[in-house]
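Trainee: I've got this model open and would like to go through its strands, its core and its cysteines. Where should I start?

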Amino acid sequence: QVQVVESGGGSVQPGGSLRLSCAASRRDSRFTFSLYNMSWYCQSSGKERELVAKISGAVNLKHYSDSVKGRFTISRDNRQNSVVLQMNSRNPEDTAVYYCQAGSPSGSEQYWGKGTKVTVSS
């Protein structure tokens, strides 16, 4: 079982920036974080959870949803077993709970954090 914990949520004004962090861990020695696909999802009130950004394991390919391209940046630190979502130029539509997901290299397992709430308002 992989534990995933998000941090960094809060309130920000439109146009502002916020940085979310996600730490993944596992109690046994079979956890190779660098091979895991790490993703950020968001879920606004009344809407389904949707992918925001993803960074693959091993080769670190990045993918962004159209709504955040050019504004958000995903990165990972394999030494710290963590992934960061840097969010710039926030707008009210970005208000949501943001979830981090760790996907196993085989794709057979996904682990979710409990989410961190982000509010964008003036």
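Mentor: Two strands pair if DSSP finds at least two bridges between them, and a strand is a DSSP run of E, at least two residues, numbered from the N terminus. Keep in mind that this is a predicted model, where local features need pLDDT of at least 70 and side-chain atom pairs count only at pLDDT 80 or more, while totals for chains, interfaces and linings use all residues. Residues are numbered from 1 along each chain as its sequence is written, and side-chain values use heavy atoms, with hydrogens and water left out.

Trainee: In what order do the 4 strands of the open sheet come?
Mentor: Follow the bridges: 5 join β1 (residues 3-7) to β3, 6 join β3 to β8, and 6 more link β7 to β8. The pairing is antiparallel, and the order is β1-β3-β8-β7.

Trainee: And which strands stand at the edges?
Mentor: Look for strands with a single partner, so that one side is left without a neighbour in the sheet. Those are β1 and β7.

Trainee: By what average angle are neighbouring strands turned against each other?
Mentor: Axes here are lines fitted to C-alpha atoms, and angles run from 0 to 180 degrees between N-to-C directions. For this sheet, direction is ignored, and the average is 15°.

Trainee: Which residue of β8 does L18 stand opposite?
Mentor: You can work through the pairs: V4 has A24 as its bridge partner in β3, and V5 has A23. On the β7 side, I74 stands opposite L85 in β8. As for L18, its opposite number in β8 is M87.

Trainee: Which side chains of β3 are buried?
Mentor: Buried means under 20% relative accessible area, exposed over 50%, partly exposed in between (1.4 Å probe, protein chains only). The side chains along β3 alternate, with R19, S21, A23 and S25 on the face that isn't buried. The other face has the buried ones: L18, L20, C22 and A24.

Trainee: Which cysteines form the disulfide?
Mentor: The structure holds 1 disulfide (a pair of cysteine sulfur atoms within 2.5 Å). It ties together distant parts of the chain, strands β3 and β9, 78 residues apart. The link is left-handed, with -80° about the S-S bond. The sulfurs are 2.1 Å apart, and the pair is C22 and C100.

Trainee: How far from C42 is the nearest cysteine sulfur?
Mentor: C42 counts as buried, because its relative accessibility is 9%. It's in no disulfide, and the nearest cysteine sulfur, belonging to C100, is away by 13 Å.

Trainee: Which residues of the largest nonpolar core touch the most other members?
Mentor: A nonpolar core is a set of buried Ala, Val, Leu, Ile, Met, Phe, Trp, Tyr and Cys residues joined through side-chain atoms within 4.5 Å. The largest has 30 residues, and the ones touching the most other members are M38, W40, V52, L85 and Y98.

Trainee: Which residues of β7 make up its covered face?
Mentor: The uncovered face has T73, S75 and D77. L85 makes contact (heavy atoms within 4.5 Å) with F72, T73 and I74, among others. The covered face is F72, I74 and R76.

Definitions and conventions. Lists of a residue's contacts leave out its neighbours within four places in sequence.
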